[in-house]
Amino acid sequence: MKTDWSKEEIAEIYNAPLLELIYKAATIHHKYQDTAEVQVCTLLSIKTGGCPEDCAYCPQAARYNTGLQVQALMKKEEVLAYAKKAQEAGSTRFCMGAAWREVRDNRDFDHVLDMVKGVNELGMEVCCTMGMLTEDQAKKLYDAGLYAYNHNVDTSPEHYADVITTRTYNDRLRTLGNVRKAGISVCSGGIIGLGETHEDRIGMLYTLCTLPKHPESVPINALVRVKGTPLQDNPQTDIWDMVRMIATARIIMPATMVRLSAGRAEMSIAEQALCFMAGANSIFAGDKLLTTPNPGFEEDNLMFKLLGLKPREAFKDEKVIGIS
Ligand code: SF4
């Protein structure tokens with residue numbers, strides 16, 4: 001896959017007339033992937049709130065007063081029961097989120113390794129999102145059966161410091177490198193609606209598609225404006241901006257799973273259909289996305305039926321030859 005895109009090339013795609021852009025993205029999607037398939041992932045917050053970081057969009061940052069109930073690390077049994085429920089409802093990937101700045105080598109990490117083993121034994125793709133990770137920790141997670149690690153770049157390098165000041169863009173890239181080195185599949189994307197410009201959006205996509213290897217998953221999130229966070233009064237993200245972002249991501253990273261992530265609760269089925277048309281082929285299912293609302297399993301099953309979509313099976317990448 002092409003990893004030497006220039007910002008100019010990406011800008012030309014991003015700025016194309018919208019219908020032409022959607023058509024091109026749909027054509028590429030059809031060429032590289034089964035367009036009827038959508039990956040269904042469930043995200044569970046296994047440790048909620050009290051995070052020392054200052055991500056301006058996040059209700060889990062301890063410094064913002066959002067009324068969020070802090071919750072210590074869940075027990076393995078509870079997590080496995082939730083994973084089984086998600087699997088029965090059709091999810092093939094289970095992602096566990098812990099509101100940590102970074103992973104520490106302590107008992108909590110050992111518990112997480114145990115959870116990873118347990119979910120892996122269910123036959124689900126296991127993913128974690130727990131902040132920064134060293135090479136050694138990534139290796140331990142891999143050995144426990146971790147399939148993917150999520151660590152979003154969030155926005156462009158230029159806009160990053162306006163959103164987060166407690167760690168750098170390079171810290172993020174270092175973690176992504178450690179994940180890749182360990183042989184874990186990379187999940188990394190960002191959020192739109194953080195007050196960024198169109199150039200920043202192009203810059204974020206440029207970062208992702210010029211990594212040594214494209215991330216296997218790229219979540220595109222619309223900001224969920226949570227009261228008490230610094231971005232609570234930002235304007236609502238325009239659906240057309242989501243579609244444009246998804247379509248551009250699809251064209252420049254054709255084999256990647258492009259995930260229609262946060263913000264779906266505020267979209268109609270018609271709007272989500274447009275996103276699928278533009279190349280989105282992954283969603284988060286379950287009525288909560290860490291701490292913010294998301295459509296429930298039932299609602300999504302009805303949407304799949306209406307749009308003629310079917311859930312993608314687990315570990316499908318292992319069976320696809322020639323995609324790198
Ligand atoms: S996004 Fe993650 S790192 Fe940032 S404040 Fe929220 S939980 Fe902490």
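Modeller: In this predicted model, a residue is called buried under 20% relative accessible area, exposed over 50% and partly exposed in between, with a 1.4 Å probe and protein chains only. Local features need pLDDT of at least 70, side-chain atom pairs count only at pLDDT 80 or more, and totals for chains, interfaces and linings use all residues, while side-chain values use heavy atoms, without hydrogens and water, and residues are numbered from 1 along each chain as its sequence is written.

Colleague: Why does Leu306 count as exposed?

Modeller: Leu306, which has its place in helix α11 (residues 297-307), has 61% relative accessibility and therefore counts as exposed, since the cut-off is over 50%.

Colleague: Why is Glu53 called buried or exposed?

Modeller: Glu53, in the loop between β1 (37-47) and α3 (76-88), has 4% relative accessibility and so counts as buried, the limit being under 20%.

Colleague: What makes the pairing of Glu53 and Thr166 a polar contact?

Modeller: The side chains of Glu53 and Thr166 are joined at 3.1 Å, and a polar contact is a pair of N or O atoms within 3.5 Å, where within protein one must be able to donate a hydrogen and the other to accept it, and residues adjacent in sequence count only if both atoms are side-chain atoms.

Colleague: Why is α9 described as largely enclosed by the rest of the structure?

Modeller: Of the 14 residues of α9, 13 are buried, so the helix is largely enclosed; α9 covers residues 239-252, and at its N-terminal end Asp238 acts as a cap, with a side-chain oxygen 2.8 Å from the backbone nitrogen of Trp240.

Note on methods: Helix = DSSP H or I, 4+ residues; strand = E, 2+ residues; numbered from the N terminus. Expected span 1.5 Å × (residues − 1).
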